[in-house]
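Reader: I have this structure open in front of me and would like to learn how to read it, one feature at a time. Could you take me through it slowly?

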Amino acid sequence: MEIRIRGEELVLDRERAIYLPKERLLAISDLHLGKAAHFRKVGLAIPNTVSRNDLLRLEKLLQKYQPKQLLINGDMFHSDYNTEIDEFAKWRESFNGISFILVKGNHDKQKEEIYTDLAIEVHEPSYDCAGFCFIHDAIQCRSDLYPIGGHLHPGIGIYNKAKQGLKFPCFYFGEDYAILPAFSAFTGLQLLKPKKNDQIFAIVASKVIKV
């Protein structure tokens, strides 16, 4: 779905990403690589296919849009160094022609040399582009630009006449800031309570709809 925010064209993709055609920039948030490994470490039987499936989805997005830049808007890595980060390093080799940019989030606590070895350009606390301030926690933005955040894993409840409802990940665009959905499928949802003029775009049945 194509929309315009602050005069800029954005493409909202059903795979929980936005694309800025003018900048040839693909942006996602909350990839949380290593989260499954973190849970396995404490004895929970989480399959190691979680991160692989997320990377496969990301790979298809990169092939679809052919961006110059991939921006990860915080929480790229979930926890300490682990085998899933090694898998990402091998996956990354297929996209050496794309610049990887990370805006640090609260989970991004790897050593600086790890980001260097992975050819990831790190920004903290924000990255400015095309009139937007990409920052993991949008309410902490001190820029005059329009903040686009992540962090909250936003969701929206949609209900029928019988008050039966389902929860869906969503893109949120408010008067003061925007919030991207969590990219990783292995995340929960924080239900939003939108105000009158807020714009909410839910990801429903593999498509993006305005609600």
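**Reading the sheet, the helices and the core**

Author: Let us begin with a single pair of residues: Leu71 stands opposite Ile101 in β6. Please keep in mind throughout that this is a predicted model.

Reader: Which other residue stands opposite Ser99 in β6?

Author: That residue is Gln69, and these pairs belong to a longer contact between strands, for β5 and β6 pair in the parallel sense over four bridges. On β4 the arrangement can be read in a similar way: β4 and β5 pair in the parallel sense over four bridges, and Leu25 has Gln69 in β5 as its bridge partner.

Reader: In what order do the strands of the open sheet come?

Author: The seven strands follow the order β1-β2-β3-β4-β5-β6-β7, and their pairing is mixed. Because β1 (2-5) and β7 (120-123) stand at the edges with a single partner strand each, one side of each is left without a neighbour in the sheet. From one strand to the next, the twist averages 25°.

Reader: How do β1 and β2 run, and how many bridges join them?

Author: They run antiparallel and are joined by four bridges, one pairing being that of Ile5 with its bridge partner Glu8 in β2. The hairpin that these strands form has two residues between the strands, and in it Arg6 takes a positive phi near 50°. On its other side, β2 runs antiparallel to β3, with three bridges joining them, and here the bridge partner of Asp13 is Ala17 in β3. This second hairpin has three residues between the strands, and Arg16 takes a positive phi near 70° there.

Reader: Why is β2 described as largely enclosed by the rest of the structure?

Author: The description follows from a count of its residues: five of the six residues of β2 are buried, so the strand is largely enclosed by the rest of the structure.

Reader: How should I read the packing of two helices?

Author: Two packed helices are described by the angle between their axes and by the distance between the axes. In this model α2 and α3 pack at an angle of about 20°, with their axes 11 Å apart. Angles under 35 degrees count as roughly parallel, and α2 and α3 are therefore roughly parallel to each other. The crossing in which α2 passes α3 is right-handed. Among the residues that meet are Leu55, Leu58 and Leu62 in α2, with Phe88 and Trp91 on the side of α3.

Reader: Which strands does α2 lie across?

Author: It lies across β2 (8-13), β3, β4 and β5, and runs at about 155° to β4.

Reader: Which residues have the most contacts inside the largest nonpolar core?

Author: They are Leu26 and Phe88, in a core of 28 residues. Several elements give two or more residues to this core, including β3 (17-20), β4 (25-28), β5 (69-72) and α3 (83-92), while α2 gives the most, with five residues. Leaving aside its neighbours within four places in sequence, Leu26 is in contact with residues including Ile18, Leu58, Leu62 and Leu70. Apart from this core lies another, of 25 residues, among them Ala27, Ile101, Phe132 and Phe201.

Reader: Which way do the residues of β5 point?

Author: Gln69 and Leu71 point one way from β5, whereas Leu70 and Ile72 point the other way, and all are buried.

Terms used. Residues numbered from 1 in each chain as written. Predicted model: local features only at pLDDT ≥ 70, side-chain atom pairs only at ≥ 80, totals over all residues. Heavy atoms only, no water. Core = buried A, V, L, I, M, F, W, Y, C linked by side-chain atoms within 4.5 Å. Buried < 20%, exposed > 50% of the residue type's maximum accessible area, 1.4 Å probe, protein only. Contact = heavy atoms within 4.5 Å. Pairing = 2+ DSSP bridges. Axes fitted to C-alpha atoms, helices over the stretch in contact; angles between N-to-C directions. Parallel < 35°, antiparallel > 145°, perpendicular 65-115°, else oblique. Left-handed = near helix turned anticlockwise from the far one by under 90°.
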